[in-house]
Amino acid sequence: MWMTSRFPALWLLPTLLLVATFTLFPIGHALWTSLHQVMLLFPEQEWVGLANYRAVVTGEYFGVALKNSLLFTLWAAPLVVVIGTATGLFLHRRFPGAAILRSIVLLPWVLPGAISAVLWTWVFHPSWGVINTLLRKLGLIDRSIPWLSDPELAFVSVVTAHIWTQLPFTIVLVMAALSTLNREVLEAAEIDGASAGQRFAHIVLPHIKAILVVLLIYNALTAFTTYDIVYAMTGGGPGTATTLLSFQIWKESFSMYDFGAGASVAFIVVAISALLIIAITKAMPSDLFTDS
Amino acid sequence: MKPAGLIAAAALAFSMVTVAPAAAEDITLEFTVWNYSLDTIQDNARKFETENPGIKVKITDYTWPDYHDSLVLRFRGNTPTDVAYVGQDWLPAWAAAGFLAPLDDVAPADVLDGLKKDIAGFSLSDMTYKEKLYGLPYYADTISFIYNKKVLEDAGLAVPKTWEEVMAAAEKLKAGGMEHPIVYEFDQELPNFFDAFVSQVYGRGGDLFDKDQKAIFDNPENAAYKQLQWLTEAFKKDLVQQETHESKIIPSMNTGKHAFTIVFNYVLAALNNAAEQPLAGQFALAPMPGETHAALGFTKFYAVTAQAAKDPARAEAAWKFVNFMAGKPYTVAKRWAVEKGLGFGQVPLFDDPDVQAAWNKWVDSAVLKQQVATAHGGVWTEWTSVWTAYFRPLLAQAMVGEASVDQVMKAGAQRWNELREKMRK
């Protein structure tokens with residue numbers, strides 16, 4: 001007891017060492033890499049200062065990757081939260097088969113991202129994909145829609161697949177938040193004549209708003225740094241249609257062998273992610289996380 | 001016995017127990033492969049182990065798309081690796097980075113000379129860096145033009161000999177109700193995407209680089225420039241169905257809804273596999289369209305790593321394994337050719353009756369021999385794979401109409417020449 005109160009840092013040391021080994025060291029090494037020429041072709045690892053950052057930012061793909069990443073985030077994050085919330089609200093109700101449905105909804109969660117991507121590649125296949133087959137059977141199309149080979153449709157397809165993979169986590173958290181809501185309050189409001197919309201706006205939403213903000217931030221970060229879906233579904237293409245910054249990190253490092261440039265993109269992604277978090281939290285009411 | 005004598009005897013006995021097994025210890029070679037026909041690879045390795053007691057082979061496999069990155073990570077992380085599959089396009093960078101050892105360092109010179117005489121010219125060039133041989137062929141082949149005989153016959157079309165004739169035939173087929181007469185492997189992250197383009201350019205009789213390895217394809221008169229214009233037009237006219245992988249081209253072509261594709265020859269073997277494909281027998285290889293009908297020849301090969309070469313015993317074992325897999329009497333290469341339809345760089349196998357009998361089931365071997373004879377290798381430099389990683393998305397951009405052919409070719413040529421200058425410094 002005397003030791004704990006006298007030397008608290010000593011007791012934290014094992015944990016701090018683990019954090020330093022697995023977090024701070026890789027970050028420090030990545031920063032070092034971003035400031036040096038680390039290329040497979042050139043063994044000398046010279047100090048280049050901000051040259052990697054300059055080269056990346058003025059390069060052929062950075063601008064479009066940044067634009068795509070921001071658009072991807074702006075579409076995917078709110079849609080995941082809105083659809084996830086709606087699904088969570090629906091599944092929170094009591095109805096026959098609800099338990100089975102809740103389990104089914106969680107399925108995308110157990111699939112690795114790359115598997116989900118392969119699955120969606122087949123769903124969007126022009127000749128025998130489920131979507132085109134269905135549309136053709138319904139008589140809505142007579143020609144295949146090139147979901148993954150048309151640049152604009154490819155972007156929509158990748159966003160759709162990403163949303164699908166992220167929904168379960170959002171639904172689970174929304175349902176967890178809803179489970180702490182006193183049903184009697186809702187029943188009382190219903191007896192008092194409040195409509196479903198009024199009950200949602202005045203009782204449910206204030207109750208779950210904090211978790212929704214957390215989910216928005218989480219989904220914004222996930223969308224902004226997503227990689228596996230794009231890699232497996234489109235390889236960033238066609239052309240640059242689905243090239244995202246996170247994909248560009250891999251591309252610079254492992255496809256062009258320029259680890260310095262890859263680390264630079266990674267740090268730019270970290271900086272933009274931090275800005276995103278600050279922007280979202282600043283936009284929220286200051287009493288969001290306090291009990292009203 | 002005195003205590004000192006007892007201790008000495010015990011020490012001697014202990015050292016015999018501990019040292020003797022170490023001297024007879026097996027060498028376990030770490031062999032990395034991409035996972036094409038893993039069963040066959042494993043079976044070949046087991047046969048090698050039987051013939052070479054004391055040497056074991058541990059196989060680590062990766063998928064083809066992940067292979068290159070995984071190997072770079074293995075090498076950079078000093079993960080033990082003795083023998084590896086290597087692609088011709090990676091050789092200059094990997095050799096320059098010190099990942100691989102020349103076979104001259106690990107193999108007897110006379111044996112190596114005897115093997116070199118049997119290897120096809122393009123294949124030998126693919127495996128050579130700075131005048132040193134780095135491997136023996138696992139698979140050497142061409143990227144070829146494939147068509148559906150029945151579709152063309154039914155439509156009254158002749159086999160196209162130029163790209164203009166391919167376009168005309170595709171347009172006629174489309175007018176007749178075929179939605180996408182051409183199937184194209186379209187994964188801009190795969191090397192195949194660039195290689196298939198080069199093969200088409202060679203068909204036109206052109207090249208992307210001059211003798212000094214300077215980019216010349218930004219000239220509108222260059223064959224590569226013209227071929228990209230051709231592809232862009234074909235995509236614009238909606239004649240092309242994209243498939244992300246060759247494995248999807250096989251079922252696609254077997255729907256009978258497409259007439260042409262450009263793929264590795266073993267895909268033709270799969271297309272004409274009567275046991276698995278409904279339209280087997282309908283597909284044939286035609287000389288690559290264009291003025292010269294040349295095509296890109298390429299080689300995937302077994303290489304010994306620099307790590308293995310440092311240890312004489314390990315280097316010897318690694319060489320034995322490579323020689324077993326690709327050396328005389330070419331048993332393993334023949335097995336791949338007969339059972340899987342894989343091409344080879346060992347020229348004598350072309351005259352092997354078993355190979356001929358097996359290949360005639362899926363290809364007109366006379367046409368294939370002609371295509372192989374006119375094939376030539378790519379321009380593989382230290383910076384080629386870095387550059388193709390940059391250039392492939394540009395090619396794709398032009399094909400799908402995101403950028404003009406001129407923009408793409410100029411940006412690609414500029415980047416190539418920058419890397420060339422940088423490397424030469």
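Just after helix H10 of chain B, B:Asp238 takes a positive phi of about 60°. (Helices, H or I with at least four residues, and strands, E with at least two, are DSSP runs numbered from the N terminus.) The model is a predicted one, so local features need pLDDT of at least 70 and side-chain atom pairs count only at pLDDT 80 or more, while totals for chains, interfaces and linings use all residues. Residues are numbered from 1 along each chain as its sequence is written, with chains lettered from A and ligands numbered from 1 in the order in which they are written.

H10(B) itself covers residues 223-236, and 10 of its 14 residues are buried, meaning that 20 or more other C-beta atoms, placed from the backbone, lie within 10 Å of a residue's own (exposed is 12 or fewer, partly exposed in between). Among them are B:Tyr225, B:Lys226, B:Leu231 and B:Phe235. These buried residues pack against helices including H8, H9 and H18 of chain B, and against strands E8 and E9.

Further along, H17(B) has B:Leu368, B:Gln371 and B:Val372 buried. They sit on the same side of the helix because they cover an arc of only 100° around the axis, taken from the directions from the axis to the C-beta atoms. On the other side, B:Ala366 and B:Ala373 are exposed.

Then there's the contact with chain A, which takes 27 residues from chain B and 21 residues from chain A; two residues are in contact if their C-beta atoms, placed from the backbone, lie within 7 Å. On the chain B side, the largest share, 6 residues, comes from H18(B).

Terms used. Expected span 1.5 Å × (residues − 1).
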